[in-house]
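Me: Could you take me through one part of this model at close range? I would like a single helix explained step by step, please.

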Amino acid sequence: MPTLNIVGAGRLGKTLGRLWQQQGFFQVLSICNRTEQSARAAVKFIGAGSACPSIESMQDADCWLIASGDGQIVTIAEAISARLAAEPAGEPVVFHCSGALSSEILAGCRPAAIASAHPVHSFAAPEDSLRTLPGSSVALEGDKIAVDVLQRAFAALRCETLTIDAGNKSLYHAGSVFACNYLTALMDLSLRTFSAAGIDRQQALELLKPIVLQTAENNMRLGPEKSLTGPIARGDSDTVLAQLEALQKTDAQLAQCYRHLGLACVELARRGALSSDAAARLTGLLSEPSQ
Ligand SMILES: NC(=O)c1ccc[n+]([C@@H]2O[C@H](COP(=O)([O-])OP(=O)(O)OC[C@H]3O[C@@H](n4cnc5c(N)ncnc54)[C@H](OP(=O)(O)O)[C@@H]3O)[C@@H](O)[C@H]2O)c1
């Protein structure tokens, strides 16, 4: 069985470590966290490996996972590079799991094969992730040898893998920021607007739950073009104007977000049944007023 070291066995690192150990895909060897106490807790969670006080003291391994926060990856990669140069043992794989950064930040670890593997999954609660990770997708990029190993490693956890270009990593990550982080911001904008209309948070959440879940379901099944309903899809510019004026009187940020997202809706509706005349009228209404 290939061996795995983990630097930064936090929420993601310890979850992957335990799953790979359980599946018999990797034998987990050394774990190094910021503190030894935390590394010992990760060893306990994974059920294998030993806590190390420093990267220099870690054993040789076939694979090195850097699962610290994104801001520490470069410094850790430098320490791994020094560790590998001091006692060369083959050409291992070194990878990180950041969605935002490419494998190129690990270039100092060459001749090791380098890669990044971004699971599209929230590891907020590791105990839950042990159960819910299978079926998630993992975006891979990097050296072929490393990508091949990681394809097999994540297939062993019943994850789907896709390969992306290192040069497109920021765009790739922005894609999930739109759908996941911005969806959360949209929920907040919606709750603030309901609150201004006198509907309390709990009532608003109850009101939203079925329609938000149904909208997500429709988008997955039909795609955005066929899922868009409401005043912009209907070309109802009187309603859009009334809503914009009401928002403007309430909160300038709500009105500004309504304008920006409304323009994206017009573009989407144009790909459906919205006429060019209606689209032009709506675009005029939603564009920023000239100063
Ligand atoms: N969480 C997610 O949902 C998720 C999803 C996809 C990708 N990712 C990516 O996965 C990576 C890890 O994220 P996470 O949420 O699992 O982070 P996390 O829970 O904050 O864990 C980070 C771990 O790194 C350790 N660490 C920090 N600096 C270190 C250093 N200099 N040397 C050794 N260990 C160090 C910390 O040690 P201590 O415990 O001692 O502080 C901690 O155990 C990130 O690149 C993130 O972008 C995360």
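Reply: Happy to! The expected span of a helix is 1.5 Å times one less than its number of residues. Keep in mind that this is a predicted model. Let's apply that rule to helix 5, residues 144-155: its 12 residues should span 16 Å, and the end C-alpha atoms are indeed 16 Å apart, so the two values agree.

Now for the sides of the helix. Ala-146, Val-147, Val-149, Leu-150, Ala-153 and Phe-154 of helix 5 are buried. These residues cover an arc of only 160° around the axis, which means that they sit on the same side of helix 5. The spacing makes sense, because an α-helix has 3.6 residues a turn and residues three or four places apart point the same way. On the face turned away from that buried side, helix 5 carries the exposed residues Lys-144 and Ile-145.

What do the buried residues of helix 5 pack against? Their partners are helix 1 (11-23) together with strand 4 (63-66), strand 5 (93-96), strand 6 (113-119), strand 7 (137-142) and strand 8 (160-163).

For the wider setting, the domain assignment gives domain 1 as 3-164 and domain 2 as 171-286. The C-alpha centres of these two domains lie 39 Å apart.

There is also a ligand to look at. It has 23 residues around it, and those that come nearest are Arg-11, Leu-12, Ser-38, Asp-70 and Phe-123. A polar backbone atom of Leu-12 is 2.8 Å from a ligand oxygen atom, and a polar backbone atom of Phe-123 is 2.8 Å from an oxygen atom of the ligand.

Note on methods
Residues numbered from 1 in each chain as written. Predicted model: local features only at pLDDT ≥ 70, side-chain atom pairs only at ≥ 80, totals over all residues. Heavy atoms only, no water. Domains from an automatic or database assignment. Helix = DSSP H or I, 4+ residues; strand = E, 2+ residues; numbered from the N terminus. Buried < 20%, exposed > 50% of the residue type's maximum accessible area, 1.4 Å probe, protein only. Arc of directions from axis to C-beta. Contact = heavy atoms within 4.5 Å. Near = heavy atom within 4 Å. Polar contact = N/O pair within 3.5 Å; in protein donor to acceptor, adjacent residues only side chain to side chain.
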